[in-house]
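Here are my notes on this one, in the order I'd look at things. Have the structure open while you read.

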Amino acid sequence: MIRYKKLGYVALNVRDVERSAAFYRDVVGFTLVESSPSTAYLTCSDEHHCIMLNRSEDPGLKRIAMELEDINQYEIAWNHLSQHGYHPFEVPIEERAELKIGKAFRFADPHGAVFEFYCGMQHRPFRKQPHPVNISRLGHVILNVPNLEQHFPFYTDVLNFKPSDQRFNDKGEMSFVWMRCFPSPYHHSFGFASSETLKLQHVAFMVADINDIGIGYNRLLAQDVPVVCGPGRHYASGSIFVYFLDPDGLTIEYTLGMEEFPEVGARPPRMLDGAPETSDMWRSRRDPRMSKIGSVELMDRTNPLVL
Ligand SMILES: CC(C)c1ccc(C(=O)O)c(O)c1O
Ligand SMILES: [Fe+2]
């Protein structure tokens, strides 16, 4: 089965790369590594990037990139996906050189969303730029997806994601699942919400301590950034959160603290209640603009190399 190091980076489509790069650097707390009118790379560690911004008229998710545990996983993952009828294709060396990543391939999940699996990213011998909010890592990506229950086995059996918790509706259908990319310990790197349409619901960044939540929240308010929910506390992972909107209206979450799972002997997934307290034990108000914007770019099957 496929083994991962982590959720590696998220590629977002934004209308104005320069505007968004400045927002993610100055407001959110990332270090800007490289920027052009078409693409920007930002980081929160000594790796080259954990966010890539791509110019597009349709803001949302371009792709999700997972770092495999090691080079041995490349062939294992390639073969496994091929055997299950998903058709991986290699990322050409010129593009890998731009992305500063090792061997990599891409494929589309059952909804058409683009995943990239790569082996290692260049490290930079620089410290990150000091910022009042200390972001420690890319946390998770949540997608709204149609036919969740039907496609759930793709994420468990093919991708080897493990469910940490699930929620069911009154009809007994799965309405939400939080999943970790094995053997990453974090409660979830992905969440899938049952929905009529495919959409990026939000992207979360983990911060270092409670002061980052408080300082970050007050900075968002002071800079007139729409805070759309929180501060609050999730029941599932136990994390403390604040959600806000980026310049395109994409929903971003600062999150702190998350249950961690051992590789062996992890607790089974829980069935969680559908009450609002499951989402937020503190019951903070949710702004209707939350998670309204966020297209998911689909795999261009006619010309995969342009992705
Ligand atoms: C309300 C959203 C979908 C949600 C719920 C729970 C958690 C968590 O337990 O960490 C999240 O991160 C969420 O974004
Ligand atoms: Fe979240």
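1. Before the record comes in, a caution: UniProt positions are given here in the numbering used for this chain, and such annotations may be inferred rather than shown by experiment. Keep in mind, too, that this is a predicted model. With that said, the UniProt entry, which is unreviewed, places "domain: VOC" twice, at residues 6–120 and again at 137–257.

2. How do those two spans look in the model? For residues 6–120, the end C-alpha atoms lie 10 Å apart, and the span is 27% helix and 39% strand. For residues 137–257, the end C-alpha atoms are 12 Å apart, with 20% helix and 48% strand.

3. The domain assignment cuts the protein chain into domain 1 (4–118) and domain 2 (135–295). Their centres, taken over C-alpha atoms, are 20 Å apart. Each side puts residues into the contact: 30 from domain 1 and 30 from domain 2.

4. Which elements of domain 1 touch domain 2? β1 (4–14), α1 (17–28), β5 (60–68) and α2 (72–83) each supply at least two residues to that side. β1 gives the most, with seven residues. By type, the domain 1 side divides into 19 nonpolar, six polar and five charged residues.

5. Over in domain 2 (135–295), have a look at strand β9, residues 135–145. Nine of its 11 residues are buried, so the strand is largely enclosed by the rest of the structure. Buried here means that 20 or more other C-beta atoms lie within 10 Å of the residue's own.

6. What does β9 pair with? One partner is β13 (residues 199–207), antiparallel, over eight bridges; within that pairing, Leu-138 has Phe-205 as its bridge partner. Another is β12 (residues 190–194), which runs parallel to β9 and is joined to it by five bridges. There, Ile-142 is bridged to Gly-191.

7. That last pair is worth a second look, as Ile-142 and Gly-191 both turn up among the residues around ligand 1. The others in the shell are Ala-204, His-234, Ala-236, Ser-237, Ser-239, Glu-253, Thr-255 and Ser-279. What is the mix of nonpolar, polar and charged residues around ligand 1? Three are nonpolar, six polar and one charged.

Technical notes: Residues numbered from 1 in each chain as written. Chains lettered and ligands numbered in written order. Predicted model: local features only at pLDDT ≥ 70, side-chain atom pairs only at ≥ 80, totals over all residues. Buried ≥ 20, exposed ≤ 12 C-beta atoms within 10 Å, placed from the backbone. Helix = DSSP H or I, 4+ residues; strand = E, 2+ residues; numbered from the N terminus. Pairing = 2+ DSSP bridges. Near = placed C-beta within 6 Å. Nonpolar A, V, L, I, M, F, W, Y, C, P; charged D, E, K, R; others polar. Domains from an automatic or database assignment. Contact = placed C-beta atoms within 7 Å.
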